[in-house]
Amino acid sequence: MIKKLNITILFSFFFISCGNPTAEKPSYIQTVNGAHQVSPNEIWLSHEHILVDFIGADSIQSNVPNHDIIIKEMLPYLEELKAYHVNYFVDATPNYLGRDVLLLEKIAHKTGLQIITNTGFYGARNNKFVPKYAQEMTAKDLAEMWINEYDNGINNTSIKPGFIKIGVDSYDSLHVMHQKLVRAAAMTHLNTGLTIASHTGNANGLWPQLSILKKLGVSLEAFIWVHSQQENNNDNYLKAAKMGCWISLDGLGWDLDKHVEKILFAKKNNILDRILISHDSGWYDPQKKSQTIQPYTNIFKKLYPVLKSKGFTEDEFKLLISVNPSKAFSIKVKTF
Ligand SMILES: [Zn+2]
């Protein structure tokens, strides 16, 4: 309890005392409650999940989740974030994997968290979560559908996506469907300015995605390499950072040591300004009778003290949890 209190005081002090380090003009982001300007001083969790349903794209429509039960289970974990002044919570659950924007809206209202949802399709795991009708569509048709969610709202609501979430199986050459998802994401970005976050894993599948984006004229600063902690060769982080993409080390709900090693590598090689961190936690699964929820607090309870003991400064920590995500999720068309 005392430890938690100390960190809380430290965070309060730190965010009151640090002024605005960047003189860039304000950017805006899109939450389930609407669009607003973002400052580089708010605390973000840039890749988490509340609900995830693995039943598969062709069964999920008939599976209506009970919001009251989910909220009762998840609220304590989300309420915990108040002590750490978390403001932005990026829900990375894609459509057909449990994306439920009305649930997110209710939770945002109850907790005061600014929750960000997404448009796009998740092709990883061999397209199990891409509905049949979408597998037959062209990239342009997919993009039109996603742009429509941004322009007019998701599923007849006024809730709009704040980024594009896609997923690929990470091989040297991408599955045809996954190439199509990347092209559709590029077109959606060029129309809306939404950032593309792609479930990728190791770097094999990263390079073909970046080359598609480049060909279509999308700046790689509009791309987040999701689950980059699965890459074993740290040199690939230097290569990706040099190309300009965001590197998301987002498995902190499950592992600490590997993430610490990679964050220290990033600091040593001056690429901390390209790194995002998060837990990939939560995961209420309606297919399971009893839930094992992974908490969203390791960054504050475990990672922060370790980085501090290894010489991390407040400004460096702030880059990871505030400055970088506020830039990464800013909505702006970024061209090559
Ligand atoms: Zn995830």
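A crossing of two helices is right-handed if the near helix is turned clockwise from the far one by less than a right angle. The model used in these exercises is predicted.

**Exercise 1. Helix 6 against helix 7**

Find the angle at which helix 6 and helix 7 pack, then classify the pair and describe the contact.

Solution.
- Locate the helices: helix 6 covers residues 176-192 and helix 7 covers residues 206-215.
- Take the geometry: the angle is about 40 degrees, and the axes lie 9 Å apart.
- Classify: angles under 35 degrees count as roughly parallel and 65 to 115 as roughly perpendicular. Helix 6 is therefore oblique to helix 7.
- Assign the hand: helix 6 passes helix 7 in a right-handed crossing.
- List the contact: helix 6 gives Gln179, Val182, Arg183 and Ala186, while helix 7 gives Gln209, Ile212 and Leu213.
- Sort by class: four residues are nonpolar, two polar and one charged.

**Exercise 2. Arg99**

Decide whether Arg99 is buried or exposed, and trace its contacts.

Solution.
- Place Arg99: it sits in the loop between strand 4 (86-91) and helix 3 (101-111).
- Apply the cut-off: buried means under 20%. Arg99 has 10% relative accessibility, so it counts as buried.
- Follow the side chain: it reaches the backbone oxygen of Asn118 at 2.7 Å.
- Look beyond four places in sequence: Arg99 contacts residues including Thr93, Thr117, Glu149 and Ile154.

**Exercise 3. Asp255**

Which partners does the side chain of Asp255 reach?

Solution.
- Place Asp255: the loop between strand 10 (246-249) and helix 9 (257-268) holds this residue.
- Check exposure: at 28% relative accessible area, Asp255 is partly exposed.
- Read the partners: the Asp255 side chain reaches the backbone nitrogen of Lys258 at 3.2 Å. A polar contact of 2.8 Å joins it to the side chain of His259.

Technical notes. Residues are numbered from 1 along each chain as its sequence is written. This is a predicted model: local features need pLDDT of at least 70, side-chain atom pairs count only at pLDDT 80 or more; totals for chains, interfaces and linings use all residues. Side-chain values use heavy atoms; hydrogens and water are left out. Axes are lines fitted to C-alpha atoms, for helices over the stretch in contact, and angles run from 0 to 180 degrees between N-to-C directions. Helices (H or I, at least four residues) and strands (E, at least two) are DSSP runs, numbered from the N terminus. Angles under 35 degrees count as roughly parallel, over 145 as roughly antiparallel, 65 to 115 as roughly perpendicular and the rest as oblique. Contact means heavy atoms within 4.5 Å. Ala, Val, Leu, Ile, Met, Phe, Trp, Tyr, Cys and Pro count as nonpolar, Asp, Glu, Lys and Arg as charged, and the others, Gly among them, as polar. Buried means under 20% relative accessible area, exposed over 50%, partly exposed in between (1.4 Å probe, protein chains only). A polar contact is a pair of N or O atoms within 3.5 Å; within protein, one must be able to donate a hydrogen and the other to accept it, and residues adjacent in sequence count only if both atoms are side-chain atoms.
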